[in-house]
Amino acid sequence: MCNEHLRFVMLLLLLLLVTLQQHTAGSAIADDQPSHIDRWVSCIGEIVLANADTFRHELNIFALGAGETEEESLHFEHDLLDRLLARLVYQNAGKQPFTFNLAPYDRTVSYNQRNLVLILLHDLLQLERHLLPQLAVKNVEQRGYFLLLLVPSNATTTATAEKHVAATFRLLWSVRLHNVVLALERRHPTTRIDLLAYDPYGPGCCGCSRPRLLAHCNAPSPPLYDRFERNLHGCQMRIASFERAPFLEFVHPPGRNGTATTAPFTPKLAGIEGNLVELLAAHLNFRVAIVQPADGRTWGRIYPNGTANGALGLLLNGTVHMTVGGYFPYPALLAATTQTHHYYTAELVLAVPEELATLSPLEQLLKPFQPAIWTVVAVELAVGALGALHHRRHRLLHFWRTVIGESLPGRTVPRRTVARLALLLWIVHAALLRESYKGSLVGFLTEPNPLADIHSLEALVQAGYRFAMTETIYHTVFDRSSTNLRPLAPHQVQLIKSADRQARLERTIRSRDRLAFTSTREEIVKFNSRNRTDINYRTSDETLLTFHFAMYFKRSSPIAAACDWYIRRVVATGFVARWHHQHLDLRFERPTLAGSGQAEVLQLHHLHGSYLLLAAGLLLATAIFTLELLWGRWCERRRRPSYPGPYPYLHELRRQYPAVGRRKRAQRALPPQLVAIR
C-alpha cells in the first residue's frame, strides 16, 4: 500500500513539473513574440518612410505560403501587416498619403516604373517556386520596380543561407531584376536583420550576382538599393551591329575583311552611332565588342512564335548586351526589349537611278511656251482662217496682216489663189514663230535638264519601275490595311536581304535597271558622295515611313537606364546637329545628269522642232501649188477652142484687158478694106 501511494505522489509531481515547464516555455515565447514583431515593423517602417518619395508613395504588400506551423505563420503575417500599416498611416499624417495594394499578386495588372513591392516569404525557395515567373513578366520598364523581400524564418543555418542568397541573386539577375533588397533575419550569433543586395558590375565582376551587405536594420534610415550603373569597371559590352554608312562604319584592323560573323571583334567606330557608342564607353567605362549577324539578316525581326533572327536574335538569346539602329516598332519588339531615347530620326524613301525625262519633238516645241502664249497664237490663227472664208475677206486679212506684223496691200490679194496666199502667210507666220521660239528657248535651256518624274509612288508605278525591299519593309509598309499607300502587285516587288542591298545598289547603277530601292536620304547621300561625276541615285519626295534610331536592350537591362540618361544629355547638347552638319554633304543629294546651270550654245538639234514645222508648211504649200497648177491646166484644156490660134494665152489677156478684146472683135466684123484703111 505504501508503495502504491508513493507511485501516485511521484506521478503527480511529474505532471506538475511538466505543466510548469510548458507554462515557462509559453511565457518565454509570449515574451519574445512582441520584440520579434517590433524589430520587423521598425526595420521595414524606416525603409518605407525614408524612401517614400523615391517610389512615389505606392506600396504593394504580398505574403506567400505558410511557415513552420500554419498558426505561427498567420500570426506573424497578420501582426506585421497590421502594425506596419498603422505606423505608416500614423507617422505620415498630414503628408502625401500612401497607396496600398493588398490584392493577390497574380491579379495585379501592372506597376508603374518606380513603386515598391514588398513580399513576405517563409524561405527563399518560395521565390523560385511560386513568384519568379510572375516577377519577370511584370518587370517591363527600364529600371524596374523596387523589390523588398522579407525572410523572417530561422530554419536554415548560416552556411545554407549564404548558398540560398547567392542562388536567389543569380535567378534575379537572369530575369534582370536588380533593384532588390533582401531583408534576412539571422539569430546567430546575435539576432539581427541584414539588408542584402548584389552588384552585377564591379572590380573583377562583369555580369555576376555576388551578394553585398548594405546595412543592418539597427542603422538609421536604411536606403533602398537603386541600381543605376554609372561605372561598368572596364567590362566588355557586346553589341550586335553591322555597317550602315553614314550612321555606323567600321575601321577594321589590318587583316580583317569585315565579313559577317558571330565572333566579337573590336574595330574603330565612325558615324553618328559609332561616335555615340564610343562616347558612352568613355563615360560608363566599358569596352566595345562588335558582333555581326551571320544568318544573312541585319536588324532582324521577332516573329509571332517567339523566334527571332538577325541582331534581335543575338540580343534575345543572350549573345550580346545591346544593339543599335532604326527599328520599326511593333508589339513583339516593344514587349521583348527596352529602348533608350531616340538620338536620330530618318525617313524611309524610294531611291532610283537618275534618268532624264524623254521629250518628243512636239513636247520640246510646246514646253518653252506658256499656255497663255499658245492661246493667243491659236486665236490669231483662227481669225486668219475665218477671214479667208468670209465673203468680205479682204478686211479680215488686213487685220490678220497687222497681227503678224506684215503690210500687204489690198490690190495684191489674189481673187482665185486664196489658199496659196493663206499658206504663204502661214510660212511667214512659222518663221516669226521660230524667231520668238528662240528667245523663249534660251531661257528654257539655261535651266537644268528635266529629269524623270519620281515624286510619288504612283509616278514610279506608272513609269514601270519595280520595287526592291526587304521582307520586313514590305510587310510593314505595303502589306497592312492601315497604310494609305497603294498596295503593290507581286510582280512589282523584288524581295532582297538587307546584307545584299549595297551590292544591289552598285549593280543597278551599272546595269541601269528600272529598280526603286527603299532607303534613307542619308544613305543615298553617302553613296553618291563616293564619286560625284558618276551617275548616282536620287530620292522620291514621298515618305514611306518615319522611324527613330535608338539603342535596344533585353527587357529591363540594368545598363539601359544609364545609356538612356547619357543619350538624352548628349542629344540636348547639339551633338546630332553638329554631326549632321559636318559629315553629311548635302551637295551630293543633287543629281549628276542635270545641267550645271550655265547657258548652252543653241545648236541645230535645239531647234529641230520649229524647223520641222517650217518644213512641213513648205511641203504642204508645194503640194497645194502643184495640185492647183494641174487642176488649172486640166480645166484649160477642156475650155480650149478646136481651131489653133497663134496666141495660146490670148484669153487671159482678154480677161485682164476687156477693152482690147472688144476692139479686136469689132475689127473682125468690118470688111477687110475698112480694116486696112483704119
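Helices, in these notes, are DSSP runs of H or I with at least four residues, numbered from the N terminus. The model I am reading is predicted.

**Entry 1: helix α5**

I started with α5, which covers residues 271-284. I checked its length against its residue count. At 1.5 Å a residue, its 14 residues should span 20 Å, and the end C-alpha atoms are 20 Å apart, so the two agree.

I then looked up which residues of α5 are buried. They are Gly271, Ile272, Glu273, Gly274, Leu276, Val277, Leu280, Ala281 and Leu284. For the spacing I kept in mind that an α-helix has 3.6 residues a turn, so residues three or four places apart point the same way.

Just after α5 comes asparagine 285, and I noted its positive phi of about 65 degrees.

**Entry 2: what packs against α5**

I looked at helix α16, residues 558-572, next to α5. The two axes come within 11 Å and cross at roughly 120 degrees. I filed α5 and α16 as oblique to each other, because 120 degrees falls outside the 65 to 115 range for roughly perpendicular and is not over 145. Their crossing is right-handed.

Helix α17, residues 575-583, also packs with α5, at an angle of about 140 degrees and with the axes 10 Å apart. I put α5 and α17 down as oblique too, and their crossing as right-handed.

**Entry 3: aromatic pairs**

How many aromatic pairs are there? I have 16 on the count. I opened the one made by phenylalanine 242 and tryptophan 299. Their ring centres are 5.1 Å apart and their planes stand at 85 degrees, so I recorded the pair as edge-to-face. This pair links distant parts of the chain, 57 residues apart. Phenylalanine 242 is in the loop between β8 (235-240) and β9 (249-251), and tryptophan 299 is in the loop between β11 (286-291) and α6 (310-316).

I checked whether each partner is buried or exposed. Phenylalanine 242 is buried, with a relative accessible area of 8%. Tryptophan 299 has 23% and is partly exposed.

Next I took phenylalanine 517 and tyrosine 537, another edge-to-face pair, with 6.2 Å from centre to centre and 80 degrees between the planes. It also links distant parts of the chain: phenylalanine 517 is in strand β17 (residues 515-520) and tyrosine 537 in strand β18 (residues 537-539), 20 residues apart. Both residues are buried.

I also found a cluster linked by ring pairs, made up of Phe247, Phe328, Tyr344, Phe547, Phe549 and Trp579.

**Entry 4: arginines over rings**

Which residue lies over the face of phenylalanine 242? I found arginine 244 there, at 4.9 Å from the ring centre. Arginine 514 lies over the face of tyrosine 465, at 4.4 Å from the ring centre.

**Entry 5: backbone angles**

I went through the backbone with a general point in hand: most residues other than glycine have a negative phi, and most peptide bonds are trans.

I found a cis peptide bond joining alanine 245 and proline 246, with omega about 5 degrees. Proline 246 is in the loop between β8 and β9, the loop where I had already placed phenylalanine 242.

I noted histidine 57 for a positive phi near 60 degrees. Histidine 57 is in the loop between α1 and β1 (58-63). At 6% relative accessibility, I counted histidine 57 as buried.

Histidine 233 has a positive phi of about 55 degrees and is not a glycine. I placed histidine 233 in the loop between β7 (205-216) and β8. Histidine 233 is partly exposed, with a relative accessible area of 34%.

**Entry 6: two buried residues and their partners in space**

I looked up isoleucine 37, which is in helix α1 (residues 2-50). Isoleucine 37 is buried, with a relative accessible area of 2%. From isoleucine 37 to arginine 83 I have 8.6 Å, C-alpha to C-alpha, and 46 residues in sequence.

Last, I looked up valine 181, in strand β5 (residues 180-186). Valine 181 is buried, at a relative accessible area of 2%. Its C-alpha atom is separated by 6.2 Å from that of leucine 147, with the two residues 34 apart along the chain.

Key
Residues numbered from 1 in each chain as written. Predicted model: local features only at pLDDT ≥ 70, side-chain atom pairs only at ≥ 80, totals over all residues. Heavy atoms only, no water. Phe/Tyr/Trp six-rings, centres within 6.5 Å; stacked < 30°, edge-to-face > 60°. Helix = DSSP H or I, 4+ residues; strand = E, 2+ residues; numbered from the N terminus. Buried < 20%, exposed > 50% of the residue type's maximum accessible area, 1.4 Å probe, protein only. Lys NZ or Arg CZ within 6 Å of the ring centre and 35° of its normal. Expected span 1.5 Å × (residues − 1). Axes fitted to C-alpha atoms, helices over the stretch in contact; angles between N-to-C directions. Left-handed = near helix turned anticlockwise from the far one by under 90°. Parallel < 35°, antiparallel > 145°, perpendicular 65-115°, else oblique.
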